[in-house]
Amino acid sequence: MKIDPGSFRDPSGRILRSGGRIFRAVYPHGAKFYGAARDSGVLAHAVERGRLLPLEEIEVGTITDSGPAPAYLLEHPCLDFVSYPYEWTFSALKAAALLQLDFHIELLADGFSLSDATAYNVQFIGTRPVFIDHLSVVPYDPAAGWAGQRQFAMQYLGPLLLWSKRGIAPNGWFRGSLEGIAPEELAPLLRWRDKLSFNVLAHILGPAAVHRSQLKRKIGEAPPAPRQLPKARLEAMLKSLRSFVAGLAYPGGKTVWDDYADCNSYDSERRIAKHAFVARHVEAIAPRLLFDVGCNSGDFSQAALAAGAKSVVGFDFDFGALERAFSRFSASNARVLPLWLDATNPSPSQGWAGRERLGLAERSGADMLLALALIHHLAIAKNVPLDMAVDWLMSLAPSGIIEFPSKGDPMVQELLRARPDIFPDYSEEAFLAHVAERGAIVEQTWLGEGGRLIVAYRRG
Amino acid sequence: MKRLKEFLFVTAFTAVFVDAPAHAYLDSGTISLVLQGVAGAFASVLLFGRSYLERVKSFFRRSKPAGSNDAQP
């Protein structure tokens with residue numbers, strides 16, 4: 001039994017992992033609220049509507065941990081992959097924000113509320129967001145108001161505003177500051193016309209002004225009079241915020257790979273051969289989880305699904321391509337989650353004790369890898385020695401497919417045009433040798449006459 | 001119309017902030033609740049306004065003769 005290292009802040013309970021199963025211990029501190037939420041039927045109703053991850057109460061004592069004796073023990077289905085908000089696309093962050101607000105509004109109608117608004121409480125099944133923290137559901141307390149307002153501003157509204165209004169992707173900032181972007185940090189970056197909005201004023205500028213005034217406060221002053229927030233006002237505030245967030249759009253503009261599908265160096269014959277190669281090997285392995293690294297808008301994620309992959313996580317560093325992938329798989333409701341990744345700097349393990357949010361390698365669990373039209377970007381554009389690039393890719397999954405564009409390839413030529421060729425070891429022979437050192441080459445072929453080398457491997 | 005409503009709100013809200021130092025004895029949680037109360041009240045008004053507008057619009061939509069949009073030569 002392992003305690004989930006990211007689940008320690010709330011004394012109401014804790015996530016436990018054992019034998020590939022996921023449990024939640026509900027401690028006495030959270031038992032009353034959990035019992036009330038369960039008995040009222042709001043949890044079951046939210047599960048039915050797909051808002052909340054399913055739960056099943058099992059016998060206490062099935063597993064034990066070092067915490068207090070639990071009042072309840074719950075079991076949840078395992079997620080395909082755990083992702084973090086700093087890896088999400090604009091549309092994913094927006095979908096998660098809308099889920100957070102919709103769920104909260106629905107709970108208020110039944111007399112319940114959410115005790116926080118952290119984006120880490122949302123995960124994705126394909127492109128569908130689902131709320132995973134059952135112990136955040138508490139009876140509405142007018143004296144608590146909207147306790148999660150600042151968290152919502154820092155982890156949803158602020159990053160979305162920065163992205164939508166200023167065209168700045170917040171992922172790098174968010175990754176460095178796990179609690180998100182504080183209103184007082186964001187406020188100076190917004191223009192006047194961005195500020196001229198009720199919701200920006202109420203959730204960013206107002207709280208930022210409060211924060212500034214708090215810095216001037218003297219310690220030991222008279223205790224404040226108790227205040228209350230009537231439920232109807234919170235409902236109205238959340239509905240207004242929902243409509244504002246729904247109106248935020250991904251900023252336009254051409255992206256690096258916008259026209260890749262049309263302008264890549266592939267003719268249709270080679271493309272068909274590549275699809276057939278991918279389909280054949282995916283079918284043979286039938287992966288539960290496949291990583292498509294350098295997924296672009298998801299053509300081969302789609303091919304992998306069609307060939308029998310149960311779920312796919314696609315990675316790319318181009319937000320425009322990821323947006324297209326998200327919208328495509330959202331429309332088809334396919335189990336593909338497109339995520340942002342800089343392959344030369346993947347998400348690290350970080351947070352409290354360096355373990356709260358796990359790095360990509362520790363979360364992997366993929367059965368199969370697709371790395372198509374990627375390795376030249378690592379080896380040539382980013383100067384990663386070829387053996388190290390092969391090493392990292394093969395470490396992601398025990399089997400997979402890697403495509404190798406040689407130096408004669410127009411795309412590699414393009415990368416080499418503006419710089420001297422300092423890559424004497426970048427060759428098909430060297431690539432094959434590096435793969436063979438780390439595993440077995442199941443199949444190697446060239447995609448059409450004079451086409452790229454493509455290899456299916458099985459790790460040794 | 002929406003911009004105008006928001007502008008009025010911004011003006012009113014700014015007036016509240018001019019007073020902010022007078023509430024400096026309040027802790028952040030309480031000030032947040034006060035602000036949430038004000039924002040919630042405005043949101044309620046906006047929401048009521050919107051639903052009222054929708055009702056008026058739907059009244060006029062209903063009172064149009066059936067098939068009036070389909071009139072084709």
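Which backbone oxygen does the side chain of A:Gln350 reach? In this predicted model, the partner is the backbone oxygen of A:Arg175, at 3.3 Å. A:Gln350 sits in the loop between β12 and α14 of chain A. Its relative accessible area is 15%. The limit for a buried residue is under 20%, so A:Gln350 counts as buried. Beyond its close sequence neighbours, A:Gln350 touches A:Tyr86, A:Arg175, A:Leu178, A:Arg355, A:Glu356 and A:Arg357, with residues up to four places away left out.

Stay in that loop for a moment. A:Ala353 also lies between β12 and α14 of chain A. Unlike A:Gln350, which is buried, A:Ala353 is exposed, at 61% relative accessibility. Its backbone deserves a look. Most residues other than glycine have a negative phi. A:Ala353 has a positive phi of about 60 degrees, although it is not a glycine. A second alanine shows a positive phi as well: A:Ala373, at about 50 degrees. A:Ala373 belongs to the loop between β13 (368-371) and α15 (375-381) of chain A. Here the setting is buried, with a relative accessible area of 17%.

A:Arg175 leads on to the cavities. The structure holds 2 cavities of 30 Å³ or more. A:Arg175 helps line the second largest of them. That cavity holds about 40 Å³ of space. Its other lining residues include A:Glu87, A:Phe315, A:Trp340, A:Leu341 and A:Asp342. A:Asn345, A:Pro346, A:Ser347 and A:Leu360 are also part of this lining. By class, the lining has 5 nonpolar, 2 polar and 3 charged residues.

The largest cavity has a volume of about 60 Å³. Which strands of chain A each supply at least two residues of its lining? They are β7 (122-125), β11 (311-316) and β12 (336-340). The largest share, 3 residues, comes from β11. A:Ser311, A:Val312 and A:Val313 are in the lining, as are A:Phe124 and A:Ile125. So are A:Val336 and A:Leu337. The list also includes A:Asp80, A:Phe81, A:Gly126, A:Leu289 and A:Arg335. The lining divides into 8 nonpolar, 2 polar and 2 charged residues.

Now turn from the cavities to the largest pocket. About 1200 Å³ of space lies in it. The lining takes in 44 residues. Closest to the centre of the pocket are A:Asp4, A:Ile15, A:Arg17, A:Val82 and A:Ile132. Several elements of chain A supply at least two lining residues each: strands β1 (2-3), β2 (13-18) and β3 (21-26), and helices α4 (149-166) and α14 (360-363). Strand β2 gives the largest share, with 4 residues. The class make-up of this lining is 16 nonpolar, 11 polar and 17 charged residues.

Next comes the nonpolar packing. In soluble globular proteins, nonpolar side chains tend to be buried together. The largest nonpolar core of this model has 110 residues. Within it, A:Phe152, A:Phe291, A:Ile375 and A:Phe431 touch the most other members. Helix α3 (residues 90-109) of chain A gives the most to this core, with 12 residues. Apart from that core lies another, of 22 residues. Among its members are A:Leu305, A:Ala334, A:Leu370 and A:Leu372.

A:Phe152 shows the packing of the largest core at one point. Which residues does A:Phe152 touch, not counting those up to four places away in sequence? The contacts are A:Ala97, A:Gln100, A:Leu101, A:Ala117, A:Trp146, A:Leu157, A:Leu241 and A:Val245.

The last stop is A:Arg459, in strand β16 (residues 453-459) of chain A. Is this residue buried, exposed or partly exposed? Its relative accessible area is 36%. Partly exposed lies between under 20% and over 50%, so A:Arg459 counts as partly exposed. Its side chain reaches two backbone oxygens. One belongs to A:Met394, at 2.8 Å. The other belongs to A:Ser395, at 3.3 Å. A:Arg459 touches both A:Met394 and A:Ser395, along with A:Leu396, A:Ala397, A:Pro398, A:Arg438 and A:Gly439, again without residues up to four places away in sequence. For a sense of span, take A:Arg459 and A:Ala71. They are 388 residues apart in sequence and 45 Å apart in space, C-alpha to C-alpha.

Notes. Residues numbered from 1 in each chain as written. Chains lettered and ligands numbered in written order. Predicted model: local features only at pLDDT ≥ 70, side-chain atom pairs only at ≥ 80, totals over all residues. Heavy atoms only, no water. Core = buried A, V, L, I, M, F, W, Y, C linked by side-chain atoms within 4.5 Å. Buried < 20%, exposed > 50% of the residue type's maximum accessible area, 1.4 Å probe, protein only. Contact = heavy atoms within 4.5 Å. 1 Å grid on protein atoms, 1.4 Å probe; cavity = no way out; pocket = protein on both sides within 12 Å on 5 of 7 lines; lining within 4 Å. Points joined across faces, edges and corners; volume = space filled by probe spheres on them. Nonpolar A, V, L, I, M, F, W, Y, C, P; charged D, E, K, R; others polar. Polar contact = N/O pair within 3.5 Å; in protein donor to acceptor, adjacent residues only side chain to side chain.
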